[in-house]
Amino acid sequence: MTKDYLFEVGIEEMPAHVVSKSVKQLADKTKKFLKENGLSFTDIKTFSTPRRLTILVKDLAEQQENIDEVKKGPAKKIAQDSDGNWTKAAQGFARGQGMTTDDIYFEELKGTEYAYVHVQKEGKKASNILMGMSDIVKSMTFPTKMRWGASGDFEFVRPIHWMVSLFGSEVVPVKLLDIEAGRKTQGHRFLGDSVVLANSSDYEEALKSQYVIANAAERKEMIVRQIEELAAHHNWKVKLDKSLLEEVTNLVEYPTVFAGSFDEKYLNIPDEVLITSMKDNQRYFEVYDENGKLINYFISVRNGNSEYLDNVISGNEKVLVARLDDAQFFYDEDKKYPLSHFVDKLANVSFHDKIGSMSEHMTRVKEIGNYLAKQFNLSDEVVKDFNRAADIYKFDLVSSMVGEFAELQGIMGTHYAKLAGENEAVANAIKESYMPISAEGELPTSEVGALLSIAEKLDTIIAFFGAGMIPTSSNDPYALRRSAYGIVRILLNEDWSLSIKKVLPEIITLIAGKTPAKLPKSDEQESEIADFIRDRVKQFLQSNDYKYDVVDAVLASSQQDPMQIVAAAKTLQKHHDDDDFKPVVESLTRITNILKKAELGNDSEVNADLFTSDSEKELFAGVENLQNDDLAIDELYQGFVDLQPVINDYFESNMILDKDEKVKNNRLTQLQKVNDLASRMGDLSKLVIK
């Protein structure tokens, strides 16, 4: 027999960002708890609002399965001494099964007698086991917690006010501090009353009658539907930002959407400022006209019904206007000064205590960018724009607007640079120098911005490693892993080839002495940085669903250029399931294995005069055709596909370890040439082929 089990924790309003994660945590812990206790169920449904975390366990068994099994213990010669007395081993075995030595009997198994007990236990009732739900609540973790209770040592995200614990229609007694679970839950704080549940299945509908939509997905759908209706009525366009929609859903129990407006005069402020004021500060959705232009309206969500909505709209408008007045003031103040006014201040802004000022950081970034521009063979125009951008790109950090809205750094720099007459490429590079702002965030779209972003991130990584502030395990306070991943993604996006390990010593030499920052001084430190960035290539490959053996193969090479590593991975992944993939890999791996065991001579070139068969000539000619550094990895692979029969014929026709030392060395040198070419794709022995 089964019944549904309802468990609700009623609390003071939680921060929106913890609601979804917390109810998932409650469900996951309950699922584990039930499985560990041998209670079957079909599903766990979750409900959550700012004031409650709830699970509904569907079809929960009313009782554990009865136990009826034979347990095997120690051998008889260990269970009893020579006089037939029970040893400690036998006593411990019986005790461990909840029995005594009187229950032990012996049976022979493969010529040896062993101790056995027959265990029969009646399964516990689910209601008795569910009393342990209080321990699950105690074990929950949160990013922010509060303490309360008589002893003051109980921690939870917010104080708990009530609990519901209902197994079908039966209350399961669960007690936490002085709170005893029952069948009474609470409706909306202002619109609803408390409600007594007769059965666990009554929960969702009972709360709806008290202005609580406990199903978060249903609440979100209500918000979306109301916004779409409102937008359609006014012929507006609204961007339903996912994170904002999730946050708003977790801020309300009964959503009612409404629209407000602000004076058109504020539309002279950059859109990003208005959107930040509405979205980040007030949780409003911005509104656009049918042409996609931002207009002086906003949409928000009330936690309640439509009564007295005019008062709510008026209050929200007043709050927003206060923010916009501040923004207007900061914007007007910043526009009074030339860019040089802000740039000069950066000499007194610390990049980091151990690394120096922001100005010094910018100086190094400019040097690095100019060096990289040559590596990437960028045009004089790009270099010119880069140099101008590198001279000013951090200036908005000391502007009034960014002082108030820190999230607008770079964005305001772009706006102010345009107002100051800087060209489009320079102005946009300021914003793009911060990209990507998250692991999978938007990348720079211009070469100037991409160059500035890579140089900025590279200097940051070098400087922090030089100062000894290196990420360890999960500790990465300066987000250096994200910076390194950004470098990899930008290089790949721009098709820029760069051997990190090769250029690092040159870059460090270039910027040494330019500023007081400590820089890596040893080969070991430089390798550490190169490996740190190279590890992000692995992250990129794994994030883009490359096969694990392909990732292992390409990263086992000594290749340091992310472009080449990823190109090799693309080729191996693309052909992994081809019919000729296995024979190609097998023939190349055979060469690798021979070379591992053989002692290679000092010859670096193949001597055609020592050839004794046509197969040697054919392999030599085939390898000659592939020895081209400009050959793309995929073309190289196709070359090996064509060469595979030749390699097989080579092994069939020739004794590699010939008794003539010169012939043997010549053949090994020839195989080494093949192996060197194949290693451009990685260590193929790590590929799993069937």
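I take two strands as paired if DSSP finds at least two bridges between them, strands (E, at least two residues) and helices (H or I, at least four) being DSSP runs numbered from the N terminus. The model is predicted, so I note its limits: local features need pLDDT of at least 70, side-chain atom pairs count only at pLDDT 80 or more, and totals for chains, interfaces and linings use all residues. Residues are numbered from 1 along each chain as its sequence is written, and side-chain values use heavy atoms, with hydrogens and water left out.

**Strands.** I looked up valine 257 and found its bridge partner in strand 18 to be valine 301. Strand 16 (residues 255-261) and strand 18 (residues 294-303) pair in the antiparallel sense over 7 bridges. Of the 7 residues of strand 16, 6 are buried (under 20% relative accessible area, 1.4 Å probe, protein chains only).

**Cores.** I then turned to the largest nonpolar core (buried Ala, Val, Leu, Ile, Met, Phe, Trp, Tyr and Cys residues joined through side-chain atoms within 4.5 Å). This core has 134 residues, and Leu372 and Phe640 have the most contacts inside it. Helix 17 gives the most to this core, 12 residues. A further core lies apart from it, with 39 residues, including Ile44 and Val157.

**Leucine 372.** Beyond its neighbours within four places in sequence, I find leucine 372 in contact (heavy atoms within 4.5 Å) with Leu451, Ile454, Ala455, Leu458, Leu498 and Ile507.

How values were computed
Buried < 20%, exposed > 50% of the residue type's maximum accessible area, 1.4 Å probe, protein only.
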